[in-house]
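Biologist: Got a minute to walk me through this one? I'd like the fold, then some of the side chains.

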Amino acid sequence: VQLQASRGGLVQAGGSLRLSCGASGSINGIKARRWYRQAPGKEREWVASILTSGLTNYADSVKGRFTISRDIAKKTVYLQMNNLEPEDTAVYFCNIVSVYNDYWGQGTQVTVSS
């Protein structure tokens with residue numbers, strides 16, 4: 001199974017962007033769907049999670065601005081990003097953790113201009 005993320009893009013500060021990440025097949029035993037990001041010269045950091053229960057969690061830096069959601073039937077996880085800031089510029093990665101495996105998308109660039 002592969003994860004395919006949508007294209008990111010270039011957006012002005014204060015703007016919005018929605019990322020999606022679809023799985024090419026079914027994944028059994030999913031525990032969580034997550035988004036991470038990696039800014040230039042920095043380590044990869046966790047951004048948001050949604051558990052199988054639907055419970056969501058966010059990094060403090062994005063809380064109130066980003067929303068993670070999923071469409072189970074479409075095997076897709078989304079990240080709605082509002083009020084974007086230049087500090088949000090990074091490569092974004094989707095991640096699905098199951099009891100059997102750990103799946104990663106290829107990463108998509110999001111650039112926020114000031």
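Modeller: Here is a quick tour, from the overall fold down to single residues. Keep in mind that this is a predicted model.

Biologist: Okay, how many helices and strands does the chain have?

Modeller: The chain has zero helices and 11 strands. Reading from the N terminus, the elements go β-β-β-β-β-β-β-β-β-β-β.

Biologist: And what does the chain span along its principal axes?

Modeller: The C-alpha trace spans about 40 × 25 × 25 Å. The radius of gyration is 13 Å, which agrees with the value near 13 Å that a compact globule of 114 residues would have.

Biologist: What share of the residues is buried?

Modeller: Buried residues account for 43% of the 114. As for the surface, the chain exposes about 6,200 Å², and carbon and sulfur atoms supply 45% of that.

Biologist: What about long-range contacts, what fraction joins residues at least 24 apart?

Modeller: That comes to 53%, counting contacts between residues at least 6 apart in sequence.

Biologist: Let's do hairpins. How does strand 4 run against strand 5?

Modeller: Antiparallel, with six bridges joining the two. Arg37 stands opposite Glu45 of strand 5. Strands 4 and 5 form a hairpin with six residues between them, and Gly41 in that turn has a positive phi of about 75°.

Biologist: Which strand comes next to strand 5 in a hairpin?

Modeller: Strand 6 does, with four residues between the two strands. Here the turn holds Gly54, whose phi is positive at about 100°. Strands 5 and 6 run antiparallel and share three bridges, and Ile50 has Thr56 in strand 6 as its bridge partner.

Biologist: Switching to the C-terminal end: which strands does strand 11 pair with?

Modeller: Strand 2, residues 9-12, runs parallel to strand 11 and is joined to it by four bridges. Strand 9, residues 90-98, runs antiparallel to strand 11, with three bridges. Val110 of strand 11 figures in both pairings: Gly9 stands opposite Val110, and Ala90 has Val110 as its bridge partner.

Biologist: Which residues of strand 11 are on the covered face?

Modeller: Thr108, Val110 and Val112. The uncovered face has Gln109, Thr111 and Ser113. That fits a general pattern, because side chains in a regular strand alternate between the two faces of the sheet.

Biologist: Now aromatics. How many aromatic pairs are there?

Modeller: The count is one aromatic pair. Tyr36 and Trp104 make it up, 5.0 Å centre to centre with 50° between the planes, so the pair falls in the tilted class, between the 30 and 60 degree limits.

Biologist: Where in the chain do Tyr36 and Trp104 lie?

Modeller: Tyr36 is in strand 4 (residues 30-38) and Trp104 in strand 10 (residues 102-104), so the pair ties together parts that are 68 residues apart in sequence.

Biologist: Is Tyr36 buried or exposed?

Modeller: Tyr36 counts as buried, with 16% relative accessibility. Trp104 is partly exposed at 35%.

Biologist: Which rings does Arg44 lie over?

Modeller: The charged end of Arg44 sits over the ring of Phe93, at 3.7 Å from the ring centre. Arg44 also lies over the face of Trp104, where the distance to the ring centre is 4.9 Å.

Biologist: And Tyr78, where is that found?

Modeller: Tyr78 is in strand 8, residues 76-81. At 12% relative accessibility, Tyr78 counts as buried. Outside its neighbours within four places in sequence, Tyr78 is in contact with residues including Arg18, Leu19, Trp35, Ile68 and Asp71. Ala23 is 55 residues from Tyr78 in sequence, and the two are 12 Å apart in space, C-alpha to C-alpha.

Biologist: Last one: what does Val1 touch?

Modeller: Leaving out residues up to four places away in sequence, Val1 touches Ala23, Ser24, Gly25, Ser26, Ile27 and Tyr103. Val1 lies in the segment before strand 1 and is partly exposed, with a relative accessible area of 47%. Val1 and Val99 are 98 residues apart in sequence, yet 14 Å apart in space, C-alpha to C-alpha.

Definitions and conventions: Residues numbered from 1 in each chain as written. Predicted model: local features only at pLDDT ≥ 70, side-chain atom pairs only at ≥ 80, totals over all residues. Heavy atoms only, no water. Phe/Tyr/Trp six-rings, centres within 6.5 Å; stacked < 30°, edge-to-face > 60°. Buried < 20%, exposed > 50% of the residue type's maximum accessible area, 1.4 Å probe, protein only. Lys NZ or Arg CZ within 6 Å of the ring centre and 35° of its normal. Pairing = 2+ DSSP bridges. Rg over C-alpha atoms; globule rule 2.2 N^0.38 Å. Contact = heavy atoms within 4.5 Å. Areas by Shrake-Rupley, 256 points an atom, 1.4 Å probe, with all protein chains shown as cover.
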